Amino acid sequence: MFLYVHKVFFCKIQGGNNMKLIYGISDNPGLRKTLIFAFQQMISIMAATLLVPMIITAEGLTMDPSAALFGAGAGTLVYIFCTKRKSPVFLGSSFTFLGAMTAAAQQNYGYWGLIIGVVFAGAVYIIISVITKFIGSGWVNKLLPAVVIGPVVTIIGLGLSPTATQWMMYNGGDETTYGLISIVCGLITFFTIVLTSTKGSKTFKLIPFIVGIGAGYVFTLILTGIGYAANVDALKLVDFKPFTDAFGTITFASFLRLPDFTFLKAIETNGTYPLDGAAIGNLALLFAPIGVVELAQHIADHKNLGTIVEKDLIKDPGLSRTLMGDGLGSIVGAFFGGCANTTYGESIGCVAITKNASVISIMTAALGCIVLAFFTPFVAVINTIPKCVMGGACIAMYGFIAVSGLQMLKKVDLGDNRNLFVVASILVCGIGGLTFNFGKNGISGGAAFSITSVAAALIVGLITNLIVGKRPAEEESGMVIVEEYPDSAENSEPEKTETK
């Protein structure tokens, strides 16, 4: 009798995909809701996506945030096509490539240099994708069991957390701009998201980020108005420069403007940034290793997303397809916007909190980014949302990523030192910021190539896992495995086992 009950219960857990989701991967929420959900996804990814080209602009190459937004949307559509509309995540500008992009800009490789560099990184993804297509993805679960991938996902979320807190404390500025007022604004945004998500109506529970960021933005606008009226700089939280740039002199471009696509700027500057064989070789050394390093984060993101949507995305649509989509999406993103793309934790966090995994929503968000990249007023409004407000929203998004990693460790016995050492090494190295730096960049003075803290923590964790040796299969996977239960049990009659 116990086996009969356990079998039915187990099969419901394993077979009941999307039980916790309001809208599953293949669901269509309807036009009105889809537009709202898409806008929420756009808001969640937009600040970081627009920030990357701004950082590179400060290094000498003029990058257009609108073009990066277009590239992110186009890259996401490529990814969705490659994954057969089975993986609900948005691709945005990757911060992991900032070091390589900065070095390329400082070494005078120009716009073609950025595009070629990302092509090298994308090619790494594509090559691994093709190899995985032939040998299968079984190696992923063997190499990256729950005891390894769980803490890696956790440190991805925790590694992003300084961005949220610094935006709240400094509102996007340096340490001299610290203000308790901006922290209050960030917390108001966060608490509004919490209240909306937990105590709001059924409709509002699906759009907590729109409500929270909207409330935070309105509050900062009120404070900014008071600040200008009373001449109190600490209250001037909203920077209206994007509006003055767009509407200082009213022209047609104040409303509609063709983004400065990177490939067009590369054509315009042909000859200004000469590239010889040595330069292309250096670009390969700068960018290709990042493609290898990013593989770990790619797998971690999809393991994390798979936990949220209760589906193994490594098996379906398959790692070969997700890698192909990420690689080609990055190349397309760089061609238009100059920035490599990657699956966004903000997007995954948005899926987790809203419980809306509809791929149609992600596709609509991607199309929305492509269309709105031409609308100057929209980009201006997004650029005026204070960083302290976005920081408050990121507490929720990054926190959910970290917690979902811990969720993967539920079935891992941390009382076993074999597991404890693996998890401990990953958490300490990742949170502590351990990096592996190689060589020296003669121009910037920094490392020629650096392995990020997430990748470094994963390497240490993998080595530790090999040292401690194998554990039983059910411990490695973090799942309870009952071999005699058929995979299709929820579609068949349970086998009754008589007990005496």
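**Exercise 1. Confidence**

Task: State how confident the predictor is in this protein overall, and which elements have the lowest and highest mean pLDDT.

Solution: This is a predicted model. The mean pLDDT of the protein is 82, and 87% of the residues reach at least 70. Among the elements, helix H1 (residues 2-15) has the lowest mean, 37, while H15 has the highest, 95. Next, take the stretches below 50. Residues 1-19 fall below 50 and have 30 contacts in the model beyond near neighbours in sequence. Residues 474-500 also stay under 50, with 38 contacts beyond four places in sequence. Where pLDDT is low, predicted coordinates should not be read in detail.

**Exercise 2. Helix packing**

Task: Describe how helices H3 and H15 cross, and classify the residues in their contact.

Solution: Start with the geometry. The axes of H3 (residues 65-82) and H15 (residues 359-372) come within 7 Å, crossing at roughly 150 degrees. The crossing is left-handed. Then list the residues. H3 contributes Leu69, Phe70, Gly73, Ala74, Thr76, Leu77 and Ile80; H15 contributes Val359, Ile362, Met363, Ala366, Leu367, Cys369 and Ile370. By class, twelve are nonpolar, two are polar and none is charged.

**Exercise 3. Nonpolar cores**

Task: Which residues of the largest nonpolar core touch the most other members, and which helix gives the most to this core?

Solution: The largest core has 98 residues. Met46, Phe90, Leu144, Val148, Val152, Phe209 and Ile299 touch the most other members. Helix H7 (residues 146-170) gives the most, ten residues. For Val152, contacts beyond four places in sequence are with Ala300, Ile426, Val454 and Leu458. Another core, of 26 residues, lies apart from the largest one and includes Leu61, Met63, Leu98 and Ala121.

Terms used: Residues numbered from 1 in each chain as written. Predicted model: local features only at pLDDT ≥ 70, side-chain atom pairs only at ≥ 80, totals over all residues. Heavy atoms only, no water. Axes fitted to C-alpha atoms, helices over the stretch in contact; angles between N-to-C directions. Helix = DSSP H or I, 4+ residues; strand = E, 2+ residues; numbered from the N terminus. Left-handed = near helix turned anticlockwise from the far one by under 90°. Contact = heavy atoms within 4.5 Å. Nonpolar A, V, L, I, M, F, W, Y, C, P; charged D, E, K, R; others polar. pLDDT = per-residue confidence, 0-100. Core = buried A, V, L, I, M, F, W, Y, C linked by side-chain atoms within 4.5 Å. Buried < 20%, exposed > 50% of the residue type's maximum accessible area, 1.4 Å probe, protein only.
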